[in-house]
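Got a structure in front of you and wondering how the labels get earned? Let's go through some of them by asking for the reasons.

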Amino acid sequence: MDLYMMNCELLATCSALGFLEGDTYHKEPDCLESVKDLIRYLRHEDETRDIRQQLGAAQILQNDLVPIITQYPEDKQLFDAIIRLMVNLTQPALVCFGKLPQDASFRHHFLEIVSYLQAYKEAFANEKVFGVLSEKLYDLLQLDWEQRQEEDNLLIERILLLVRNVLHVPADPDEEKNIDDDANVHDRVLWAIHISGMDDLLKFLASSQSDQQWSLHVLEIISLMFRDQNPEQLATTGQTRSAKERGTDVAELEALRQKEMAERKGRILQQSSRHSRFGGCYVIEGLKSIGDRDVVLHKGIHNLKNYTHDLGKGVQRVPKRQQRAHDYGGTLRRSALSVRIFLKDFCKDFLENCYNRLMYLVKDHLIREKAQQHDETYYLWAVAFFMAFNRASCFHPELISETVSVRAFHFIEQSLTNYYEMMLVDKEAATSWSRRMHLALKAYQELLMTMHEMDRSQEEAVRNSSHILKNNIFYQMEYRELFLTLFRKFDERKQPRSFLKDLVETTHLFLKMLERFCKGRNNVMVQSKKTKRRKKPQTCRTLQPRTPEELNQMWPKLVEHLSKCTQGSEPLPEDVVPFDAASEVPMEEQRAEAMVRIQDSLLAGRVPEALSLLHSAREVWPEGDVFGSPSLAPDEEVELLKHIFFANLPRQAAPEPDEPEEAAEEEEIAEEELASVQVSEKEFSFLDYLKRFASANVVKAYALLFKNYQQNSTHTNHCVVKMLHRIAHDLKMEALLFQLSIFCLFNQLLSDPASEAYKELVTFAKYIVGKFCALASTNKKVYVELLFWKTTAVIREMTMGYGSLQEESSNSRKACQWSEAEEEELRELFYKYKEVEGEDVLSNILTHLSTNNRTRKQVAKQLVRLGLASSMRDFPQERKGTRIVLWTQDQEAELQRLFEEFQGTDDILGNVMRHITAKRSRARIIEKLLSLGLVSDRKELYKKRKPGFRDANKNMFPKDFGVPDLDEVNDDEEEEDDLDSEDEAQPVWEDGDLDMCNRPLDGSTNKKGVAASNSISQDLIRSLQQEGISGPLLWLQNCLNRTADDREEDGCAQHVPLVPLSEENEDAMEHKGFQKLLRNVGIRPPANEQESFWRIPAKLSPERLRQLATSIGLQGMVDEAKEHPAEEDVLETEEPRSVISEMEESIQIPLGPKRTRLISNDEHESDNQDSSDEDGPRPAGKRKCLRIEEEED
């Protein structure tokens, strides 16, 4: 701007500030008032920011303001006013204009202000300026918060804003053409900050408890300080280079040398010995020119390979909205060594003393919305930068513990999703949203890399923490779906290549960690979410008008159906209402609508509904006998329905499809409210998860990054090839890569002179081309398929033959089609079994249906289609384990015959199960024998024991331990196994035979093992009671008894968790002795990290559970009797003889009423307490335990 065009008032105001004489500045008496006037002028500047431009052209900040604050810092009012003016002058140009101007004139003003800001930044590269600011800030921070005035807090904030504005000024690429390790303006400003001690004040503010309100300002300043730095390079500053780094550099130099030598060799071969004017003239056979003749080449033969028809054509202009996004931000540079060492030390001190606290405060401000808009970007940058620095320098996970958590993953995932949605909505600022999205992705990548580094730590606690984190992250569906969503929604017009590069590398790391996590585990359970949208009730659509011929063809079938309904062979629906009570239309006017509904029901084939509507409408509108008189005969009703069927009734016009925007929005909101998310668990398969990456959108993104293989790093190329190899080799879907654009990349790679430097890429390219040639030998159409991106269905047809999918779909369609006879049979079966209580309608229909190839879902859909059911929800899904298989008369006779045949044998039930025709579970056969009255007790079906074996069992298990005989235990276990495998309908008795065969014949080993476990259990119970764990023992006994009751009552078994509800029981579950007792009893510990409780196995029978509970209770009674002989009278008053008889004859303690709940102990314990109060006093220890559990519950 021309200085002579400056406003005269503004020039006079600037002249009243003072003048500079040498290094001394002399201020005028009206200096303070002049500064306030300048602030006032800036407040009223126009949209071109003319005042700001004139002050920048006059260099007021360099020549007047900076000397004033360095030479007159003691003048408080003047210092405050100048700092306020400096903050206004140095604010970013983007803030001044609001957004990047698109108009040429405004863009010129924008660039002018940027140039003035760059000049201001050079003026601040002075140690004296930051020295004065540091001293002033230090004096203010020394004041306690009670002594600080409002002006002091404002001055602190303005100093921080001034430092922020100076550091925010972008670098001038034309002026800064320095090489690496040379200091630029930004480095000089950083060095001035370091010399003045401003960096120490920033660290103090970050760690101070009384200055939390400046946390976001401090984080923003720190992010601008490290704007041009690479955290991994900064962490290795001042260290000798490792052998790996030197080897990487040598490999890169070798690749460049080979490429250069290959290019030189190619240029030598292209040179001809003849003069260039005699290059020759050649005809390319097989390549047609514009006409029918072959192309004539007027160049040297060495240019033959590079010839295309596109030579000489102009480059087609790409529209701006279709252009690819450019990488934002400048390239990272290496600052001067002294600056890098200072920044490295700053990072170490910041991580040790400030990072966790500052990140906690910033996160709290963001969650509570105390921050300004888009301040979360500084949080995301700090997570990525400092975690990378910590990982590269000296990995200490405790220094970054605040951001290594599930909450951090959730915050970043939510930010990514929000940024993507805003990028689609706010199209004008799509570039800014894309940058923020890239920042969030970098932070997410660094979190994963930190977890990967924790896995390799030598400390077991660190590895366990990483394992818990991975368990939580891999369990949630949102974190697994994130990368699939980013790939499918990737748009190269809005997101640059650098974003795609980080996305590919992060996905590679995530899949690597997930694969390693799943390896070696039989079943990994993950969370699954399904969104179900309930359909809104829609108005009935107007049916298409039928021709008289079609109506005549339909009427005879309707007459047959009407005759059945009128005769009473088919019931009529009772919940039909012919009017709408909530409608504003009067009842008299709804009569015509009722007539239309009857006609629509007849046209749709719902004859019972039409007849029921006629009867209901006759009762509502009896006037005039419009719907017939009540005394109509059935034939007359049929005739009346015929008139309604053939009548041309007036219908209301359909509503217009165009709806206002507000109504559409309300409809969308209503649909969202109706949507419900169902959360469930399912078993995770890594291969199935990997199959979701086998799509054209994902491969397109990888091919786009593969195109820049020469500019990519070695790691990036490895990530690209690894994913493509997973798709081609692991998933056997190499046909997905049979695409012409990918083959062009392969051709470019294989013809590259420096292809030896990309051995992994070359090997993969040859592998894919080989697979293509093998497929082309059998399928000639594969050459045409090269032109298109393919889906999984097309790939299957390419490899397995065209038309295979159509054959399968046609077969399934044939299976789904119903004939008229089958529909009639379905109606009869539905009316026959729908009133049967306690049984499933669909199961009975499937059992008696003549066709056996129908599924439950097909039958339900057909019932809905026939109008016999309103929706699929009328038929609840069949629960596993509850299906009742009916016994026919022949099967019952066969069972009775087999029972009479093998009644005298030792193993009645085993022989019956071996010879029965229809294989059923042991529990079902026992129930049937009991219902037929063939046996009165299930114990009669147990295998009879020989006398010698019974004595051996008695010697092996003492009576006071309460362990049953081996045969009885095995029979019960086989029975429970049969219950578990009931759905499969397998011949379960074969497993029982295998178990019997695997038993030792002599029983010597079993005797020793069981006797040892018996003594160990007795010693354990005695030692646990001595330690004061009698209460948890009683709780364990109650759980075993209650589980036995539930299994006997339900008839099926499943794993039951032991959930401690009191602190005493929780402490006992962590006690090693108590855990040892649980293992001896047979209770299973948690199988993996996803289980938290010990579980009672399903294989333990009710008899076995009661005997184990009795052994625990009897042992406790014996010990109490030994330890407290003075309480014998109390015991005798309670149950003297029953206890003694149980101890002598090993009789089970009588149990209370059966319960179905497994966790709640309140009612059971209260019942026992009441009974004990009625019968007499109980032992003090047990009464105390019961009272404690009741209070905890």
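Q: Why are K76 and D80 separated by about one helical turn?
A: Because the two are four residues apart in helix α5, which covers residues 76-89. Keep in mind that this is a predicted model.

Q: What makes the pair K76 and D80 a salt bridge?
A: Their side chains meet at 3.3 Å, N to O. The cut-off is within 4 Å, so a Lys nitrogen and an Asp carboxyl oxygen at that distance qualify.

Q: Are K76 and D80 buried or exposed, and how do you know?
A: K76 has 39% relative accessibility, so K76 counts as partly exposed. D80 has 17%, so D80 counts as buried. The line for buried is drawn at under 20%, and partly exposed runs from there up to 50%.

Q: Which helix holds both D688 and K691, and what makes them a salt bridge?
A: Both lie in helix α28 (residues 686-691), three residues apart, which is about one turn of the helix. Their side chains come to 3.7 Å, N to O, and the limit is within 4 Å, so the name fits.

Q: Why is D688 called partly exposed, and what about K691?
A: D688 has a relative accessible area of 43%, so D688 is partly exposed. K691 has 44%, so K691 counts as partly exposed too.

Q: How do you know that K928 and E892 form a salt bridge?
A: Look at their closest N and O atoms: they are 2.8 Å apart. K928 sits in helix α41 (residues 922-932) and E892 in helix α39 (residues 889-901), so this pair ties together parts that are 36 residues apart in sequence.

Q: Is K928 buried or exposed, and where does E892 fall?
A: K928 has a relative accessible area of 15%, so K928 is buried. E892 comes out at 23%, so E892 is partly exposed.

Q: How many salt bridges does a search of the whole structure find?
A: The search finds 32. Salt bridges also link K442, K501, D502 and E505 in a network.

Q: Why does Q54 count as buried?
A: Q54 has 10% relative accessibility, and buried means under 20%, so the label follows. You'll find Q54 in helix α3, residues 50-57.

Q: What makes the link between Q54 and N7 a polar contact?
A: The Q54 side chain reaches the backbone nitrogen of N7 at 2.9 Å. The limit for such a pair is within 3.5 Å, so this one passes.

Q: Why is F706 called buried?
A: Its relative accessible area is 4%, so F706 is buried. F706 belongs to helix α29 (residues 696-706).

Q: Which residues does F706 touch, not counting those up to four places away in sequence?
A: They are V720, V721, L745, F746, L749 and L761. As for N717, eleven residues along the chain from F706, the C-alpha atoms of the two are separated by 7.1 Å.

Q: Which residues form a nonpolar patch on the surface with L740?
A: V784, L787 and F788 join L740 there, and together the four have about 380 Å² of accessible area.

Q: What makes L740 partly exposed?
A: L740 has 39% relative accessibility, so L740 counts as partly exposed. A patch residue needs over 30%, so L740 passes that cut-off. Its place is in helix α31, residues 740-750.

How values were computed:
Residues are numbered from 1 along each chain as its sequence is written. This is a predicted model: local features need pLDDT of at least 70, side-chain atom pairs count only at pLDDT 80 or more; totals for chains, interfaces and linings use all residues. Side-chain values use heavy atoms; hydrogens and water are left out. Buried means under 20% relative accessible area, exposed over 50%, partly exposed in between (1.4 Å probe, protein chains only). A polar contact is a pair of N or O atoms within 3.5 Å; within protein, one must be able to donate a hydrogen and the other to accept it, and residues adjacent in sequence count only if both atoms are side-chain atoms. Patches are made of residues with over 30% relative accessible area and no salt bridge: like charges are joined within 9 Å, nonpolar side chains (Val, Leu, Ile, Met, Phe, Trp, Tyr) within 5 Å. Accessible areas come from the Shrake-Rupley method with a 1.4 Å probe; for residues, only the protein chains shown count as cover. Contact means heavy atoms within 4.5 Å.
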